[in-house]
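Visitor: I am new to this structure and would like a close look at one part of it. Please take one helix, explain how it sits among its neighbours, and then show what lies around it.

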Amino acid sequence: GQVKVFRALFTFDPRTVRSDTNWWKGTCRGRTGLIPSNYVAEQAESIDNPMHEAAKRGNLSWLRECVENKVGINGLDKAGNTALYWGCHGGHKDVVELLLSQPNVELNQQNKLGDTPLHAAAWKGYSDIVEMLLNKNARTDIRNNENKLALEMATNAQCASLLKRKQGSNFTRTHSNAEEYLDDEDSD
């Protein structure tokens, strides 16, 4: 849940050179290579939950770097939020797309307030993100600690419509299965 970030003191393009203690492996603007150790600040900055920070800020390149370096996709911050929650809360569509493309991303993780990423997107009015979550089968039946569904937290008509449609299709499917069951019984 924590990484150390060292800041470059000078502009330097990473390049491949013979490795020894005077060179550090570094990544800059998507390129990885070795840089002289005297080009790096001695003090490291510790960052808790780097994936969360990248998602909060909508920093797609940093988020990609976290994913590439196998930072835990479903890690929780102190409030119980995932990086996906923060991407949804901030309306960062590209961040949410990247996170949803990860194989083990947890869509329905509730934070300490009981909110899921779907609650956050609905409350903030990000209908495009609500739709993305629903397309990945995010649950619409989860209630938060205030006993509210994402639908009840929706702040615009488009989010509410998407959530109603999804809940309606779930109800219709369940209802039609019940009718089929009853029809089978009546045919005896």
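Guide: What follows looks at helix α1, then at the parts of the chain beyond it. The model is a predicted one.

Some setting helps to place the helix. The chain has 8 helices and 4 strands. Along the sequence these elements run in the order β-β-β-β-α-α-α-α-α-α-α-α, and 38% of the 188 residues in the chain are buried. Of the contacts in the chain with a separation of 6 or more, 61% are between residues 24 or more positions apart.

Now to α1 itself. Is this helix enclosed or open? Of the 8 residues of α1, 6 are buried, so the helix is largely enclosed by the rest of the structure. The buried residues of α1 are P50, M51, H52, E53, A54 and A55. After α1 comes G58, which has a positive phi near 70°.

The next helix is α2. Two packed helices are described by the angle between their axes and the distance between the axes. For α1, residues 50–57, and α2, residues 60–68, the packing angle is about 155° and the axes are 8 Å apart. An angle over 145 degrees counts as roughly antiparallel, and α1 and α2 are therefore roughly antiparallel to each other. Their crossing is left-handed. On the α1 side the contact is made by P50, M51, E53, A54 and R57, and on the α2 side by W62, L63, C66 and V67. These residues divide into 7 nonpolar and 2 charged, with no polar ones. Among the α1 residues in this contact, P50, M51, E53 and A54 are also buried.

One residue of α1 also leads to a loop. H52, buried in α1, is touched by T82, and T82 lies in the loop between α2 and α3. T82 has 2% relative accessibility and so counts as buried. Leaving aside residues up to four places away in sequence, T82 touches N74, G75, L76, Q109 and P117 as well as H52. T82 and Q109 are 27 residues apart along the chain, and their C-alpha atoms are separated by 7.5 Å.

Past that loop is a second pair of helices. Helix α3, residues 83–90, packs against helix α4, residues 93–100, at an angle of about 155°, with the axes 8 Å apart. That makes α3 roughly antiparallel to α4. The crossing of α3 with α4 is left-handed. Here A83, L84, G87 and C88 of α3 meet V95, V96, L99 and L100 of α4. The residues of this contact divide into 7 nonpolar and 1 polar, with no charged ones.

Helix α4 brings the account back to α1. The buried residues of α4 are V95, V96, L98, L99 and L100. What covers them includes α1, along with α2, α3 and α6, the last at residues 127–135.

A record adds one item further along the chain. UniProt, in an unreviewed entry, lists residues 113–145 as "repeat: ANK". In the model this span is 52% helix and 0% strand, and its end C-alpha atoms lie 6 Å apart. P117, one of the residues that T82 touches, falls within the listed span.

Technical notes
Residues numbered from 1 in each chain as written. Predicted model: local features only at pLDDT ≥ 70, side-chain atom pairs only at ≥ 80, totals over all residues. Heavy atoms only, no water. Axes fitted to C-alpha atoms, helices over the stretch in contact; angles between N-to-C directions. Helix = DSSP H or I, 4+ residues; strand = E, 2+ residues; numbered from the N terminus. Parallel < 35°, antiparallel > 145°, perpendicular 65-115°, else oblique. Left-handed = near helix turned anticlockwise from the far one by under 90°. Contact = heavy atoms within 4.5 Å. Nonpolar A, V, L, I, M, F, W, Y, C, P; charged D, E, K, R; others polar. UniProt positions renumbered as here; feature names shortened; annotations may be inferred. Buried < 20%, exposed > 50% of the residue type's maximum accessible area, 1.4 Å probe, protein only.
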